[in-house]
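The following note is addressed to a colleague beginning the study of protein structure. Please read each point with the sequence and the structure in view.

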Amino acid sequence: MVRRLYFHPLSSFPGPRLAAATSLYKTYYDIIKGGEMLTQIHRLHSIYGSVIRIGPNELHFNDFRAYSEIYSVGSHLTKDPKFYSCFNANGSAFGAIDPHVSKTRRSFMNKFFSRKEVIKLEDVIQQKVDRLVSKLETTSGTTTDMFLAFRSATLDIITAYMFGHCLDAIEYPDFSSPLLLNIQIALPLLWVIKSFPWVLPILSILPKSKWCARSIFEQFQALLFVRNFLVASLDRTAQEVKLKAHPEPSLSTICHRLFDPMSKAGLIYPSLQAIIDESLSLLQAGSDTVGNTCTVGTFYVLNDKVIYTQLITELRTQWPDKTVPVDLAFLQKLPYLTAVIKESLRLSHGFVTPLPRIVGHSGAKVGGFEIPPNTIVSMSVTSVHLNETLFPNPSQFKPERWLHSSHLSLGRFLVPFSAGPRMCMGMSMAWAELYLFFGYLFRKLDMQIIDTDISDFCTYKDYFVPIHVGRHLRILVAEGG
């Protein structure tokens with residue numbers, strides 16, 4: 001401990017002494033305080049400056065210029081295996097530590113999320129958006145939990161694309177499908193696994209007992225539920241490929257291709273576990289992030305009459321007959337709708353957890369600081385999205401900031417999908433979903449907020465994705481739209 005405090009290569013960097021002395025500092029905020037480490041990181045930056053020591057061998061930056069230096073294509077920094085192992089998806093492109101393995105898997109998966117493939121997927125996305133609009137219309141006069149509604153729709157989209165069979169989460173009463181609820185319950189377990197990787201093997205062999213914290217046991221059971229769902233769905237898919245029993249549209253679904261011997265996926269995903277890992281990553285990334293962006297953006301638009309009026313005016317002017325369907329290409333040309341989506345992405349952030357990278361043997365220069373070899377460095381996207389220099393009054397929802405002449409240069413600082421060679425593969429698909437969700441819901445429905453205000457969106461827990469601690473967004477749809 002004395003060495004860590006006084007003789008460690010990072011001893012000259014500022015930060016709390018307890019964080020320099022032990023990794024349990026982060027464990028306390030991650031687990032005991034429950035997803036509070038990112039909030040604490042922002043507090044520490046306000047005290048110590050642009051770079052802080054948050055662990056015995058870890059630095060965090062909040063200078064927006066440092067973000068590209070850590071995550072850009074040419075950074076040559078590698079993933080921290082201890083962090084990524086907590087997702088229990090080492091066989092996926094996201095979880096792969098070796099850069100070559102990651103590149104190979106990403107190359108295979110990228111073809112499913114290219115703009116060309118997303119255009120083919122537009123009909124599937126449109127069907128789910130239409131069904132969500134229809135379901136909300138039938139509930140007019142009663143309030144709807146949009147946290148669950150949006151995530152149900154995105155779950156239906158990603159499961160349809162993965163397996164060729166829709167989960168039909170939208171059809172569940174109150175949008176409360178067991179899979180959706182269990183995904184949410186299991187999220188806090190990530191940080192338990194990160195700090196105590198031995199906990200999963202123990203939980204898997206021991207029955208529930210008095211010594212086992214009830215919440216952890218419930219999170220583990222939820223994780224098993226999600227995994228069992230994937231295993232059953234993949235088994236069905238494998239049988240369809242074997243018997244060639246799947247319908248024609250499913251030939252291009254992700255998991256059918258993973259099992260198809262003609263696709264040579266077996267060379268990239270050599271085991272069933274690797275396919276399960278990739279499926280788990282797709283399921284989580286494909287539902288929570290877009291669902292959260294829709295929830296946050298919908299609240300801010302409905303909460304501001306000026307913004308709401310401007311968006312509705314553009315939609316009604318450009319799309320006068322709402323009974324006539326419009327396509328993605330049409331919506332992408334609407335400037336104010338685009339600005340609303342960008343601002344929704346900025347304030348919903350995407351993945352908020354700082355993604356740790358390891359500096360190579362030759363060291364690196366980050367944020368103007370010389371960083372010793374083997375140091376773990378990271379930076380949360382929130383430090384970019386909430387930077388006052390880039391985004392004046394950063395906590396305010398201001399779509400017009402994306403309409404100024406400077407918005408093109410500002411765009412490189414909108415990083416909800418991360419950046420560099422390991423940025424989110426599903427970015428094009430996410431944009432397509434966001435255009436269709438925002439465009440159709442605000443053109444087709446007359447919505448108002450019920451029992452929700454700005455205080456419900458001011459604070460969130462960091463469980464890789466931001467989970468707001470306030471009340472869920474509830475809306476009331478007026479009869480007749």
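1. The first point concerns a contact between charged side chains in this predicted model. Arg151 and Asp288 meet through their side chains in a salt bridge, with a distance of 2.9 Å from N to O. Arg151 belongs to helix 9 (residues 146–163) and Asp288 to helix 16 (residues 288–302), so the pair ties together parts that are 137 residues apart in sequence.

2. Are the two partners of this salt bridge buried or exposed? Arg151 has a relative accessible area of 1% and is therefore buried, the cut-off for that class being under 20%. Asp288 also counts as buried, because its relative accessibility is 3%.

3. A second salt bridge joins the side chains of Asp456 and Arg471, again with 2.9 Å from N to O. Asp456 is placed in the loop between strand 9 (447–450) and strand 10 (460–463), while Arg471 is placed in the loop between strand 11 (465–468) and strand 12 (474–477), so this pair ties together parts that are 15 residues apart in sequence. Asp456 is buried at 5% relative accessibility, whereas Arg471 is partly exposed, with a relative accessible area of 41%.

4. Salt bridges can also share partners, and in this way Glu343, Arg346 and Arg401 are joined into one network. How many salt bridges does a search of the whole structure find? The search finds 12.

5. Another of these contacts links Arg65 with Asp63, whose closest N and O atoms are 3.1 Å apart. Arg65 is exposed, with a relative accessible area of 53%. Asp63, in contrast, is buried at 15% relative accessibility.

6. The next point concerns a sheet. The sheet is open and has 5 strands in the order 1-2-8-5-3, with mixed pairing. Its edge strands are strand 1 and strand 3 (78–79), each of which pairs on one side only.

7. Strand 1 (residues 51–55) deserves separate attention. Although strand 1 is an edge strand, it is mostly covered, with 5 of its 5 residues buried. Strand 1 pairs with strand 2 (residues 58–61) in the antiparallel sense over 4 bridges, and a hairpin of 2 residues joins the two strands.

8. Which residues of strand 2 stand opposite Ile52 and Arg53? Ile52 stands opposite His60, and Arg53 stands opposite Leu59. As a general background to such a pairing, side chains in a regular strand alternate between the two faces of the sheet.

9. A further point concerns the surface. Val2, Tyr6 and Phe7 make a nonpolar surface patch of about 360 Å². Val2 lies in helix 1 (residues 2–7). Val2 counts as exposed because its relative accessibility is 53%, and the cut-off for exposed is over 50%.

10. The last point concerns an annotation taken from a record. In UniProt, in an unreviewed entry, the annotation "binding site" covers Cys424. In the model, Cys424 is found in the loop between helix 21 (407–410) and helix 22 (427–444). Why does Cys424 count as partly exposed? Its relative accessibility is 24%, and therefore it falls between the cut-offs of 20% for buried and 50% for exposed.

How values were computed. Residues are numbered from 1 along each chain as its sequence is written. This is a predicted model: local features need pLDDT of at least 70, side-chain atom pairs count only at pLDDT 80 or more; totals for chains, interfaces and linings use all residues. Side-chain values use heavy atoms; hydrogens and water are left out. UniProt positions are given in the numbering used here, feature names are shortened, and annotations may be inferred rather than shown by experiment. Buried means under 20% relative accessible area, exposed over 50%, partly exposed in between (1.4 Å probe, protein chains only). Patches are made of residues with over 30% relative accessible area and no salt bridge: like charges are joined within 9 Å, nonpolar side chains (Val, Leu, Ile, Met, Phe, Trp, Tyr) within 5 Å. Accessible areas come from the Shrake-Rupley method with a 1.4 Å probe; for residues, only the protein chains shown count as cover. A salt bridge is a side-chain nitrogen of Lys or Arg within 4 Å of a carboxyl oxygen of Asp or Glu. Two strands pair if DSSP finds at least two bridges between them.
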